[in-house]
Amino acid sequence: MKYTNNIFTVENCSLKKVVQKFETPIFCYSQKRIKENIKKFKESFKSFSPIICFSTKSNSNLEILKEIKNNGLGADVVSKGELMIALKAGVNPKKIVFSGVGKTKSELLYAIDKNILLINCESRSEILVVEAIARSKKKKVDIGIRLNPNTDAKTLKQISTGKKENKFGINEKIFIEVSKYIKNSKFLNLKCLSVHIGSQILDHKPYQKMLNVLDKLIKKMDFKFEYIDLGGGMGIDYNKDNKKFDFKKYNQIINKFLKKNKAKIIFEPGRSIIGDSGILISKIIYIKESSKKDFVIMDAAMNDFMRPALYGAEHRIIPLKKTKKMTHKSYDFVGPICETTDKFLTTNKFQKLNENDYIIICDVGAYGSSLSSNYNIRPKPAEILIKGSKINVIKKRQKLEDLI
Ligand SMILES: *Cc1c(COP(=O)(O)O)cnc(C)c1O
């Protein structure tokens, strides 16, 4: 993705062509970038060839999931809907793990019928429900238990999941208790110890701490897990300030861990696979002047892309067509929705913008379209996947008729 003759291009496709052909806002993905990210991820950990289960909640577009499956990945799902779409994309059930604190009986029944790799249980009560279903089906079901390692991921507090005050996982004491129970169960197979401490993690140290906790617990339990599921969470460089996650370091510390604890590693990456492969193209409806700044009112809003409103996340905004004219007036990039948090970014310096210009919100591939909603009865945007110079529509823009 780069500027060619001052026009932003994705692979061999000028976005000028895209906005001539399609309405905005529109999500646009690069197939090549997805492939590169997967290749890089696999190479980073090739010394122990992990099972890589793509986090379906980060992007649940069927065609994107097919791309990811075609590159050899499995899926991490957190609802029956996600499990259904992963299976529809052709993901091998033996490469699917099911996480989540509130799986219902009907969701668990479905997952058990589909013989997926693992159900990662997050409470004593859930384990009992899985056991009851397994008993009724006279089946032995493979499960993991998600540990809450009480590790601070040092990321945005809204996307931190591994501290004891977070709802996720089971604490060490109860973990040991339920493990004993499972070992004596005729209907449950304890196969996996799973963790996921949060998202957009840029420092390897929280992972080091997490692995130390696992190491101690395994020693204490004197039990051999077939799988250790380390979750996802590897961050990406949203601000282009070169704060990159150090995959090499993470690989090293896992290798050290594996020397003491032999097991098959599972990862559940979302953002690091799909985050920087997607952009959101938007058109400027109005520019409204105010005393200190100008409001750039776009046709994309928080319902289309929620991370800034939901987490205060910052995503770079760049023009579709670069010009030389700069302004030093602050711009507030906002959407049309009746909420003050419907704002994407404030800039101090930007090229001078005009009404009807197009702009691009960067790195929206993860938790972009999958988090979109119909707030204000706004139809969800179309999604396109670019392959070389070909544009594939992978989701049609919703019609108002569908909503009313
Ligand atoms: C969200 C989530 C992931 C993916 O996290 P990323 O930061 O996108 O890699 C993995 N595992 C679980 C259990 C999750 O909830």
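**Figure 1. In strand β10, L188 is the residue that stands opposite V141.** Welcome to a predicted model, in which local features need pLDDT of at least 70 and side-chain atom pairs count only at pLDDT 80 or more, while totals for chains, interfaces and linings use all residues. Residues are numbered from 1 along each chain as its sequence is written, and side-chain values use heavy atoms, with hydrogens and water left out. β10 covers residues 188-194, and its parallel pairing with β9 runs over 6 bridges. The path from β9 to β10 goes through helix α7 (residues 172-183), giving a right-handed β-α-β crossover. Right-handed here describes a path from the first strand over the helix to the second that runs clockwise when the strands point away from the viewer. Helices (H or I, at least four residues) and strands (E, at least two) are DSSP runs, numbered from the N terminus.

**Figure 2. Strand β9 (residues 141-146) is largely enclosed by the rest of the structure, because 5 of its 6 residues are buried.** Buried stands for under 20% relative accessible area, exposed for over 50%, and partly exposed for what lies in between (1.4 Å probe, protein chains only). Strand β8 (residues 118-121) pairs with β9 in the parallel sense, over 3 bridges; strands count as paired if DSSP finds at least two bridges between them. In one of these matches, C121 has I145 of β9 as its bridge partner. Together with helix α6 (residues 124-136), β8 and β9 form a right-handed β-α-β unit.

**Figure 3. T151 sits in the loop between β9 and α7.** With a relative accessible area of 3%, T151 is buried. A polar atom of the T151 side chain lies 3.3 Å from the backbone oxygen of P149.

**Figure 4. The ligand is surrounded by 14 residues.** Which of them are the closest? They are K57, S199, G233, E268 and Y367; the shell takes in residues with a heavy atom within 4 Å. The K57 side chain places an N or O atom 2.7 Å from an oxygen atom of the ligand. A side-chain N or O atom of D76 is 3.3 Å from a ligand nitrogen. R271 takes part with its backbone, where an N or O atom lies 2.9 Å from an oxygen atom of the ligand. On its own the ligand has 390 Å² of accessible area, and the protein covers 94% of this (Shrake-Rupley method, 1.4 Å probe).

**Figure 5. Helix α3 (residues 62-70) has L62, I64, L65, E67 and I68 as its buried residues.** At the start of α3, the backbone nitrogen of E63 has a side-chain oxygen of N61 within 2.9 Å. After α3 comes G72, with a positive phi near 95 degrees. The loop between β5 (51-55) and α3 holds N59, which at 0% relative accessibility counts as buried. The side chains of N59 and Y29 share a polar contact of 3.2 Å. Such a contact is a pair of N or O atoms within 3.5 Å; within protein, one must be able to donate a hydrogen and the other to accept it, and residues adjacent in sequence count only if both atoms are side-chain atoms.

**Figure 6. Three strands, in the order β1-β2-β3, make an open sheet with antiparallel pairing.** β1 (2-4) and β3 (13-14) are the edge strands, each with a single partner, so one side of each has no neighbour in the sheet. Between β1 and strand β2 (residues 7-10), the antiparallel pairing spans 3 bridges. K2 is matched with T9, its bridge partner in β2.

**Figure 7. Here are some backbone angles to look up in the loops.** Most residues other than glycine have a negative phi, and most peptide bonds are trans. E11, in the loop between β2 and β3, has a positive phi near 50 degrees. Is E11 buried or exposed? At a relative accessible area of 18%, E11 is buried. S49, found between α2 (31-44) and β5 in a loop, also is not a glycine, and its phi is positive at about 25 degrees. S49 is partly exposed, its relative accessible area being 42%. The peptide bond from T24 to P25 is cis, with omega near -5 degrees. P25 belongs to the loop that lies between α1 (15-21) and β4 (26-30).
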